[in-house]
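Open the model in your viewer and keep the selection tool ready. Each stop below says what to select and what you will find there.

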Amino acid sequence: MVAEMLAGLVPGGVYAALAVCIVLMYQMLGVVNFALGAMGGLGACMSLLFVRWFGLGPVPSTLAAVVCGGIIGVVVGLLVARYFLEASVELRTTVTIAITAGLIAVGDRILNGATYSFPNLFAGPSLEIFGTGVPIGSLVEVAAALLLAVGVQVFLRTTYLGAQLRAMSERPITAGLLGIRVRTLTVAVWAFASAVATIAVMVVLPTSTTSFPPLAYLVIFALGAALLGLLRNMVIAAVGGVLIGMLQSIVQPSAIGRYTEAVPFAVIVLVMVWWRRRDVWSEAR
Amino acid sequence: MYGLKRASGTPLAAMLCVVIVVMALGFVLSSYWQYVGAVGAAEAIFGLSIGMVYGQAGMLSLCQPAIGAIGAWSVAYLSGEEGWVPLPWSLFLGAIIAIPIGLAAGLPALRLRRVNLAIVTLGFVIVIDTVAQAGQVAGSQESIFVKTPTWDLAGYMGLYLLCWLSFAALAALTIVLRRSRWGLSWLAIARSERAAAAMGVSVMRAKLTAFAIAAFIAAWAGGLLVAAFGSADPSNFDPVVVLTLFALAVMMGAGYWEGALALGIFSAVSSALLEQWGLTPDLGTALFAIGAITVLGNEDAAFSVMIRRQVARLTKRRAAAGEPVALRSFTPAGAAATVPRPADAGSSRPPALAISDMTVNFGAVRALDDVSLTVPCGEVVGLVGPNGAGKSTLVDAATGFLATYSGSVRVDGAQIDALPAAKRARLVRRTFQQDRTIGELTAEDYLRLAAAPGTSGKRIREIIEFVGCRNSRTPLSSLDVRLRRLLMIGACLTGAPKAILVDEPAAGLSVEESIDLAARLVEIPGRFDCGLLVIEHDMELVRLVCTSLVVLDFGKVIASGPTAEILQRPDVAAAYLGDDVAAEKELEDIAARGARAPVPDDKKAGEPHGR
C-alpha cells in the first residue's frame, strides 16, 4: 500500500502543478483552460524534436522545450486576449475545448508512429521510506508543485505585479483604465502557465507511450484536482492533485485496476456534489 | 397541446423536405459516398443530442457523444455474432438502455453548473473511454459483423437510408419537443432557474428530461456507427472525438436541426475528402477547431443561426416589432368603479396570502424579523421600504426560494411552507426585479409554459390582450422592456394563482408607462380573483393602486394600514426618505397634490436610502 502510494507521487506531482496553473488562470483570467495539457504536451514534444533534429542533450532540449511551451502560451494567449477578452467564462472555456481538439491533432502529427527516446529523470538515486525505494526526483517534483502553489499565492498577495493581476482579475476594464496593461498581463499568465505545464508534462514524457492524446488528457485529472480546490484555492488543488495520483496508483493493482482512470472521477463527483449541495439555483437571487 | 401542431408544422415540413432530397441523392451516389453519407447522418444525430443539452437547456455538458458508446455496445451485443435482435430494433433497445445512463450523467447537473459541469462531464467521458479500453464490453476489442438491412438495394444504400430515416425521425422528435412543455422548460432553465421554478417548472425534471432524451438520441447514433463500421471500436468514443464533436456542434449551432444536419455532412464529407487527398483526418480536426473558435468569437456566426436569419429575411416573416400600443390612462374613481369585486369577497373568505411571524437570518444578519402581513383576496397591498429593508427576501421566502425561514405562509388558507418553489407556483406566483423573460420565445409560448395545466388557448390570448401585447408571435427579445415586464405579470396570471407578488414592476418605466401599468395592476385582483402584493419604490404607482400599505425597515414592519393614512405618517417618511424635514415635506406634497410624484430621470440614482 505504502509502496503504491509513493509510486503515485510522480503523476500526482504532475496533476498538482497543472492544477495550480488551472486555478491561477481561472482566478486571473476567468477561463478554465482545458487546453493546458495539450499546450504543455506540445511544448514537451518539441524537446523530442530538438533531440532528433539538433542532437541536443536532455538539459538543453528541456530548456528549449520550456521556451517553446511559453511561446505556445503566448500564441494562444494573444488569440484569447484579442478576440475573447470580454467574453463570458463559459465561452472562453468552450474556446479552450476547441483549442484542445486542434492541438491534439497537431501533436498527433508530431508524435504519430515515431518512437523517440528521452532520458528518465527519475532513474536516479532513491531514498528509503517505509522500506520502499522512492526516487528523489519524485519527491523533488511533488515539493516543487506544492512550492509553486504556495509561491504563486504569496506572489499574488505581496508583490506589486500580483496586485495588478488581482485588480485585472476582478475588473479587467477598470484595471485597464487605471493604466494596467491587461492584454500584456493576460498573455504573460498564459505563457507562464504553458511553460509550467511543459515542465510538468516533461516529467511523465519518458514513461508515457508514443501517442499524444494521453499527454493532453493529463489535464483532465488536474481539472478534477482544481475542482476540489473549488477553482479557488491553489494549495488544496495541489494537494488534491497529489492525492488523485496516489489514488490511481493504489487502485492500479487491485481488482478494478482496469478502471484506474475512472476512479478519481467517481470520488471528485461525489465530493463536488456534496460541497455544492446547497447550490439549488443557478443564480444568487 | 395548444399551438403545438401549428407552430411545429413549418420547421417539420422543411426538415422532411431536406431529408427527402438527401435520401434521393443517395441513389445517384457511389457506394463509397453512400457510406460517407451514412456516417454523416449518424454524426448529425450526435449533433441533435449535444444541441438538446447545450444548445437548448444551456448545460455545458461534454458527455453526450460518449453516451453513444452505450448504444454501440448494445447493438454490437444484440445484433452481433448471435444476431438475437435485428438491427432497427437493437438500435431502439440500445437507446432505451442508455436513458438511465444519461440520467446518471445528468445527476451532477442538479448541483454543478457551467465550467464545473464541463469538468465533471469530461470525467464521465474518461469513464466511458476507460470501460471501452478495458475491453470488457461487446465489440470493443474484436471486429463484429452487424447485418444491416439492404432492402435489396445496391452498395450501402440500405445503410444510407437507415441512417437518414433515423435522422429524420429523431430530428422530428426534437422539433416537436422544442415546442412542447418539456422543450420550453429547457429554454426556461437555460435563461434562469429561479424564474423557471417561479413559473411552476420543476428545474430537476427539466434537466433530467433533457439528459435522458439526449442520451436516447446519442445512443441511437452510436448504434448506427457500429452498423457502419462493423465494430464498437473504443476510438470512436475517445475524448478527442467527443471534444471535436462538441466543437463542431458549437460551430454549427446544433441546437437547431439544420445545425446538426450541417455538422454531420460537414464532418463526414471533410474527413472523406481529406482521406481521398491522402491527408490524415487530424487536419480536419484542426480545421474544425479553428471554425469553432471563429464562431465563438461571434455567436451569431453559428451556421444554423445564419440560416435562420437568411430565411427570415427572405420570407419577411419577421413581424414589425413596434406596433404602437396606446397607453392607458388612470382615473382612480373610474377604475375603482369598474373593477368587478368577487361575489364572495368578504371577511368569511381566507386571505389570498397570509404571512405570519416570518424571520429570516443570513448568518449574523437578521433580514426579516417577525414579519406578518396579509393580502386579502381582491385587493392590492403595497410593500414599501428603503433598499435592503428585506422586501425581496420576503418574496423569496414566501415563494419557496429560501432554504430556511421561520414562520408560516398561507395561501387561500392552505399552509405551503413544506412545498418547493415549483409546487408553490400553483398557488402563489411572483415576478423578478430583473427582466427574466425568455428572449427566444414568443409571448404565446412564454405564457403557455407558465400556464396552469388545462389552461385553454383562448384564456392565454385573453391574458396577452389584457397586458396590451399585440405581437404574440414575435420573439420576446424584440419587445420593449415595458411589454416584457407586463408579460412577466401575464405569465403569473396564466398560472391562475391565489396570490401574486410583483417585485418592482415599474423599475425603468417612464411616468406614462407607470400609469398604464397602474391601470392594469388595479384590475388584476377583481378580474383574476386573487390578491396582489406590489413592491415598489414609485410612490405614485403605490398611491394609485394599493388599498393598504405595509412598510418595512431593517427587516421589521414599522407601519401598516390604509395607503393614504400610512403615507402621512412622519416615521414612515423618515424611514423611507431619511431624517430630513425637506423629505417629509416632499412626501406631504405628494399626498396633498395627488399628482405625479417628482420621479427622477435616473430611477436607480433617485432610489430612496433610509440610512
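**Stop 1: a helix pair in chain A**

Helix 3 of chain A and helix 4 of chain A cross with right-handed geometry. This is a predicted model, so treat the stops as a tour of a prediction. Select residues 36–54 of chain A for helix 3 and residues 58–83 of chain A for helix 4. Their axes are 8 Å apart, and the packing angle is about 140°. Helix 3 of chain A and helix 4 of chain A are therefore oblique to each other, as angles over 145 would be needed to count as roughly antiparallel.

Now show the contact residues. On helix 3 of chain A they include A:Met39, A:Gly40, A:Leu42 and A:Phe50. On helix 4 of chain A they include A:Ser61, A:Cys68, A:Gly69 and A:Val76. Colour this contact by class: twelve residues are nonpolar, seven are polar and none is charged.

**Stop 2: where the chains meet**

Select both sides of the contact between the chains. Chain B supplies 40 residues and chain A supplies 42 residues. Stay on the chain B side. Four elements of chain B give two or more residues each: helix 5 (114–134), helix 8 (193–198), helix 10 (239–252) and helix 12 (282–297). Which helix of chain B gives the most to the side that touches chain A? Helix 5 of chain B does, with 13 residues. By class, the chain B side that touches chain A has 27 nonpolar, seven polar and six charged residues.

**Stop 3: helix 9 of chain B and its partners**

Select residues 203–229 of chain B, which form helix 9. Add helix 4 of chain B, residues 87–106. The two axes lie 7 Å apart, at an angle of about 140°. That angle makes helix 4 of chain B oblique to helix 9 of chain B. The crossing of these two helices of chain B is right-handed. The contact of helix 4 of chain B with helix 9 of chain B has 19 nonpolar, five polar and one charged residues.

Swap helix 4 for helix 3 of chain B, residues 64–79. Helix 3 of chain B packs on helix 9 of chain B at about 55°, with the axes 6 Å apart. Helix 3 and helix 9 of chain B are therefore oblique to each other. Their crossing is right-handed. From helix 3 of chain B, pick out contact residues including B:Gln64, B:Pro65, B:Gly68 and B:Gly71. From helix 9 of chain B, pick out B:Ala214, B:Trp220, B:Gly222 and B:Gly223, among others. The class count for the contact of helix 3 of chain B with helix 9 of chain B is 16 nonpolar, six polar and no charged.

**Stop 4: the domains of chain B**

Colour chain B by domain. Domain 1 covers 51–237, domain 2 covers 239–316, domain 3 joins 367–427 and 505–596, and domain 4 covers 430–496. Isolate domain 1 and domain 3 of chain B. Their C-alpha centres are 49 Å apart. Seven residues of domain 1 of chain B contact six residues of domain 3 of chain B. The domain 1 side of that contact in chain B has four nonpolar, two polar and one charged residues.

**Stop 5: confidence**

Finish by colouring by pLDDT. The average over chain B is 86, and 88% of its residues score at least 70. Select residues 318–322 of chain B: the pLDDT there is below 50, and the stretch has eight contacts beyond near neighbours in sequence. Next, select residues 333–345 of chain B. Here pLDDT stays under 50, with 16 contacts beyond four places in sequence. Where pLDDT is low, predicted coordinates should not be read in detail. The model scores ipTM 0.89 and pTM 0.89.

Methods. Residues are numbered from 1 along each chain as its sequence is written. Chains are lettered from A and ligands numbered from 1 in the order in which they are written. This is a predicted model: local features need pLDDT of at least 70, side-chain atom pairs count only at pLDDT 80 or more; totals for chains, interfaces and linings use all residues. Domain bounds come from an automatic or database domain assignment. Two residues are in contact if their C-beta atoms, placed from the backbone, lie within 7 Å. Ala, Val, Leu, Ile, Met, Phe, Trp, Tyr, Cys and Pro count as nonpolar, Asp, Glu, Lys and Arg as charged, and the others, Gly among them, as polar. pLDDT is the predictor's confidence in each residue, from 0 to 100. Axes are lines fitted to C-alpha atoms, for helices over the stretch in contact, and angles run from 0 to 180 degrees between N-to-C directions. Angles under 35 degrees count as roughly parallel, over 145 as roughly antiparallel, 65 to 115 as roughly perpendicular and the rest as oblique. A crossing is left-handed if the near helix is turned anticlockwise from the far one by less than a right angle, and right-handed if clockwise.
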